[in-house]
Amino acid sequence: MDRPRTDRSRWNWLLLIPIVVPLLTFLYNHDEPRLAGFPMFYWLQFAFILLGVGTTTLVYRMTKKRGGQ
């Protein structure tokens, strides 16, 4: 009989990073430096999206069940 599935993995704690980092307003409460004419606030929002995608991908790959099941 199969064991019940559990989502308890230490890797899941990494999913807090894309939630907490955008809440730290002192990181992006600046006009400079500008990237292609865009203030830091705007281009850093895109960086936060990439951070979230990268973190989610990492956690998924590290926690998915191996063996083709």
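Is Tyr-42 buried, partly exposed or exposed? Select Tyr-42 and look at its side chain: the residue is partly exposed, with a relative accessible area of 48%. Residues count as partly exposed between the limits of 20% and 50%, so the value of 48% puts Tyr-42 in that class. The model on the screen is predicted.

**The whole protein**

Show the whole chain as a cartoon. The secondary structure comes to 2 helices and 0 strands. The protein has 69 residues, and 14% of them count as buried. About 6,400 Å² of the protein is exposed, and carbon and sulfur atoms supply 64% of that area. Take the contacts between residues at least 6 apart in sequence: 53% of them join residues at least 24 apart.

**Helix α2**

Next, select residues 40-63, which make up helix α2. How far apart are its end C-alpha atoms? They are 34 Å apart. This agrees with the expected span, because 24 residues at 1.5 Å a residue should also give 34 Å.

Within α2, select Met-40, Leu-44, Phe-48, Gly-52, Thr-55 and Val-59, which are buried. Look at the spacing of these numbers along the helix. An α-helix has 3.6 residues a turn, so residues three or four places apart point the same way. Now add residues 17-20 of α1 to the selection: the buried residues of α2 pack against this helix.

**Two stops on α2**

Select Leu-44, in helix α2. Leu-44 is buried, because its relative accessible area of 12% is under the 20% limit. Which residues does Leu-44 touch, not counting those up to four places away in sequence? They are Leu-27 and Tyr-28. Select Pro-22 as well and draw a distance between the two C-alpha atoms. Leu-44 and Pro-22 are 22 residues apart along the chain, and their C-alpha atoms are separated by 9.2 Å.

Move along to Thr-55, also placed in helix α2. Thr-55 is buried, with a relative accessible area of 8%. Leaving aside residues up to four places away in sequence, Thr-55 touches Leu-14, Leu-15 and Pro-18.

**The aromatic rings**

Show the aromatic side chains. How many aromatic pairs are there? The count comes to 3. One of them is formed by Tyr-28 and Phe-48, an edge-to-face pair with 5.7 Å centre to centre and 75° between the planes. Tyr-28 lies in the loop between α1 and α2 and Phe-48 in helix α2, so this pair ties together parts that are 20 residues apart in sequence. Both Tyr-28 and Phe-48 are buried.

Phe-41 and Tyr-42 form another edge-to-face pair, at 5.4 Å centre to centre with 80° between the planes. Phe-41 is partly exposed at a relative accessible area of 36%, and Tyr-42, from the start of the tour, is partly exposed at 48%. Select Tyr-28, Phe-41, Tyr-42 and Phe-48 together to see the cluster that ring pairs make of them.

**The salt bridges**

Turn to the charged side chains. There are 2 salt bridges. Select Asp-31 and Arg-34: their side chains meet in a salt bridge of 3.0 Å, N to O. Asp-31 counts as partly exposed at 38% relative accessibility, and Arg-34 is partly exposed with a relative accessible area of 42%.

Add Glu-32 to the selection. Arg-34 forms a salt bridge with Glu-32 too, and here the closest N and O atoms are 3.8 Å apart. Is Glu-32 buried or exposed? Glu-32 is exposed, because its relative accessible area of 52% is over the 50% limit. Salt bridges that share partners join Asp-31, Glu-32 and Arg-34 into one network.

**The nonpolar patch**

For the last stop, switch to a surface view. Select Trp-13, Leu-16, Ile-19, Val-20, Leu-23, Leu-24, Phe-26 and Leu-27, which form a nonpolar patch on the surface. Together these residues have about 830 Å² of accessible area. Finish on Leu-27, a member of the patch that sits in the loop between α1 and α2. Leu-27 is partly exposed, with a relative accessible area of 32%. Leu-27 also appeared earlier in the tour, as one of the residues that Leu-44 touches.

Methods: Residues are numbered from 1 along each chain as its sequence is written. This is a predicted model: local features need pLDDT of at least 70, side-chain atom pairs count only at pLDDT 80 or more; totals for chains, interfaces and linings use all residues. Side-chain values use heavy atoms; hydrogens and water are left out. Helices (H or I, at least four residues) and strands (E, at least two) are DSSP runs, numbered from the N terminus. The expected span of a helix is 1.5 Å times one less than its number of residues. Buried means under 20% relative accessible area, exposed over 50%, partly exposed in between (1.4 Å probe, protein chains only). Contact means heavy atoms within 4.5 Å. Patches are made of residues with over 30% relative accessible area and no salt bridge: like charges are joined within 9 Å, nonpolar side chains (Val, Leu, Ile, Met, Phe, Trp, Tyr) within 5 Å. Accessible areas come from the Shrake-Rupley method with a 1.4 Å probe; for residues, only the protein chains shown count as cover. A salt bridge is a side-chain nitrogen of Lys or Arg within 4 Å of a carboxyl oxygen of Asp or Glu. Rings of Phe, Tyr and Trp (its six-membered ring) pair if their centres lie within 6.5 Å; planes under 30 degrees apart count as stacked, over 60 as edge-to-face and the rest as tilted.
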